[in-house]
Amino acid sequence: MSNVKCDACGLPPLPNKRLLECTRCKQAYYHDRRCQQNHYPKHKATCRRIAAAAAAAAKEAGTTSHPTPTADAPTRKSLVECRSIDGKGRSLIATSPLAIGCHPLPTTTNDGLCEPIAHPVLIESMRTSRCAFCFQLIHNSSVYTLSSAYTFHRHCSPQCQSLDKNWMVETNAAQKLPSPPSPTALSCSRILRNTISSKEYNELCWNIDVLSQEEKEVYKSVMMQCHLFLRAMGDSAALVAHDLLHPDPIPAYQFMSRLSMNGFTISTSEQLPIGHGIYCGASMINHSCRPNAVPTFWLRDCTPPMLQVTVCQSVSAEEEVTIACCDVSTPMRVRSGSLWTNYKFICDCPLCQDTDRDDDVVGLKCTTERCRGRVRCASPGEEEGEKQKLLYQCNSCGNTSFDCALQVQAETMEQMKRMDSVLSNDSDSQRFHKRVGKEARQIYDLLKRHCRLQTSYFPAWSADLFVYWCANALKSCINEQEQLGMCHEALVVINECRPATRFCNAYPGNLSWHIKQGMEAKLRLFVNPMDMEAFGMLRNARRELLVYYPSSDCTLMSLDESLAAYSFS
């Protein structure tokens, strides 16, 4: 060991100190964490290969560092139980008080991590940039051989490829079709191919009484895709898919309804959607617009995405455990539309009945000169998922001319949805181009003229998109002055819209709020490395996110790198 030198800087250990060993591969040595972080981009691929080879050797020898739980393994007392509640159906009720940070769902390993009943699927825009097995980013496609020139499945490592039992048969079947199946059809095929999963799946709730004719046609189309895909595989489950459609398609509607009502959108720690999966244990949890628990997804090497539910507000015994099934920072009209489309129910929680607060979230600005009155809704909102025109009126001057502002909100919301999709698409190399940032800033400036910056959701969302673009576009800038200019511009927008962002997003369990805090802190420290308030914000964001994600998560590691970089300032 005396002849060993630091792999990062090439220097021997300091007097009376030993070099630290890489805990993963145990083949690299460093002076400290900073040396390890500097060397990690070069060491990462080698480290993974060595660790994987060691794990394979241990498995072949019949040993493993993580013992598999057996039927005789001790399990903790269940913290929750499933009960039927009138008007809600199956619900999850706490059997004892639950503290913040608790993981209430029972699992075989007692770690709160739920496995999917069938392997989850990536959304189409992520198929070329993320691993089809573990859902992690493919950082360097030249290091590993891709599954196929056909971009239906790709993997981040040979280990993920060997563990993925679906890719070979699915890729071969997809090549026989005019185009790859949609993620929804792919998910259906995986459930039907797994007999055990199908039994669990059939016990999930469904509701087809309120399906529109258009939705029925979509369901039939997806199930037909699934049938053709399974037939191309030569799998016997193709007959099951056929029988769901013929002679009566009602079983197909029920099958698809279960997928829509019980599925989870798999998101990264930055809250970017990347896939979809079915997790039976968590599907019993009902929705609330002010939930007391949060579902998060752990993305780890050589492991499918695992779901963990974490308590974000203290839960009393006999109280229902709830999660948010949509973005609850949005206006009630938007929330109701999302919940009706995906889950076929109208939420009647206290937040949805607070019309005054919802008017503030819409946040229209009175167009009368020098009037500072609040604009309120003067007509009822949605009923049974059907849209109707709303009439707004200023409570000070009586002005009702807000059609133009409402039109701007509706149009810019569609623009922001498209932009959000572009910015979250890992495979789009142009997503941080200057024209995208220019468009985001124009949307923000337009909404500023029509909405109140104190409470309105719309300028708050547009500000988030612009700041996210700025924070990521910095990496492509070479000129330091240009970088500083972008940081200043982003910070100006953050400060302008801070009241609205806080009003809409600062509630327990909203992880996006902590992500925003961390992003603002990084921008402030980039401009002024001595900003101790920003350094404190960074530490606080890390502490909050650590309740919901492992320390190995990419966002937490990024925060750690920033803390290490600026702790010497």
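Strand 5 and strand 11 (residues 306–311) run antiparallel to each other, paired over 2 bridges. Within this pairing, Cys114 sits opposite Leu307 of strand 11. The model is predicted.

**The sheet.** These strands belong to an open sheet of 3 strands, ordered 5-11-10, with antiparallel pairing. Its edges are strand 5 (113–114) and strand 10 (293–298), each of which pairs on one side only.

**The cavities.** Rolling a probe the size of a water molecule over the atoms reveals where empty space remains. How many cavities of 30 Å³ or more does the structure hold? There are 3. Two are set out here.

| Cavity | Volume | Nonpolar | Polar | Charged |
|---|---|---|---|---|
| Largest | about 70 Å³ | 7 residues | 1 residue | 2 residues |
| Second largest | about 40 Å³ | 4 residues | no residues | 4 residues |

The largest cavity is lined by Pro120, Val121, Leu122, Arg127, Ala132, Phe135, Phe152, His153, Leu186 and Arg190. Strand 6 (121–122) and helix 4 (183–193) are the elements that give two or more residues to this lining.

The second largest cavity has a lining of Met332, Arg335, Leu351, Cys352, Asp354, Arg357, Asp358 and Val361. Which elements give two or more residues to the lining of the second largest cavity? They are helix 9 (332–343), helix 10 (350–353) and helix 11 (355–362). Helix 11 gives the most, with 3 residues. By class, the lining of this cavity divides into 4 nonpolar and 4 charged residues, with no polar ones.

Conventions: Residues numbered from 1 in each chain as written. Predicted model: local features only at pLDDT ≥ 70, side-chain atom pairs only at ≥ 80, totals over all residues. Heavy atoms only, no water. Pairing = 2+ DSSP bridges. Helix = DSSP H or I, 4+ residues; strand = E, 2+ residues; numbered from the N terminus. 1 Å grid on protein atoms, 1.4 Å probe; cavity = no way out; pocket = protein on both sides within 12 Å on 5 of 7 lines; lining within 4 Å. Points joined across faces, edges and corners; volume = space filled by probe spheres on them. Nonpolar A, V, L, I, M, F, W, Y, C, P; charged D, E, K, R; others polar.
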